[in-house]
Amino acid sequence: MDVQLRKGLLEFCVLAAIRESDSYGYQMIKEISEYIAISESTLYPILRRMEASGKVMSYSVEYHNRIRRYFHLTEAGREALNGFVKEKEEIMRVLAFITGGVEDE
């Protein structure tokens, strides 16, 4: 997959991973990896960027004598994710154009 396309999709995958409940890195990687490959070295820079832009916020919780950092979807993050979902129809039209209307079996 093209690097730029993958980068954009990963950001929305991260937002989707914390849409319903707060989560931490390992859990997000486990969930997202079912759909697209992601590693810690990819996830954490995305989370830092999204935290700086106000799409997520983080907090720490002690878990089994270790500090676990959880991430929470902010209203700005929810708006970004909802905006992407609303563009689904346009994305599907572009994909149909690119593939000539032929779907994979």
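Is the crossing of helix 1 and helix 4 left-handed or right-handed? It's left-handed, meaning the near helix is turned anticlockwise from the far one by less than a right angle. A heads-up before the close-ups: this is a predicted model, where local features need pLDDT of at least 70, side-chain atom pairs count only at pLDDT 80 or more, and totals for chains, interfaces and linings use all residues. Residues are numbered from 1 along each chain as its sequence is written, and side-chain values use heavy atoms, leaving out hydrogens and water.

**View 1. Helix 1 packs against helix 4.** Helix 1 covers residues 3-17 and helix 4 residues 75-86 (helices are DSSP runs of H or I, at least four residues, numbered from the N terminus). Their axes sit 10 Å apart at an angle of about 120° (lines fitted to C-alpha atoms over the stretch in contact, with angles from 0 to 180 degrees between N-to-C directions). That makes helix 1 oblique to helix 4 (angles under 35 degrees are roughly parallel, over 145 roughly antiparallel, 65 to 115 roughly perpendicular, and the rest oblique).

**View 2. Who touches whom between helix 1 and helix 4.** From helix 1, Leu-9, Phe-12, Leu-15 and Ala-16 meet Gly-77, Ala-80, Leu-81 and Phe-84 of helix 4 (contact is heavy atoms within 4.5 Å).

**View 3. His-64 in the loop between strand 2 and strand 3.** Strand 2 is 56-63 and strand 3 is 66-73 (strands are DSSP runs of E, at least two residues). His-64 isn't a glycine, yet has a positive phi of about 50°. At 63% relative accessibility, His-64 counts as exposed (over 50%; under 20% is buried and in between partly exposed, with a 1.4 Å probe and protein chains only).
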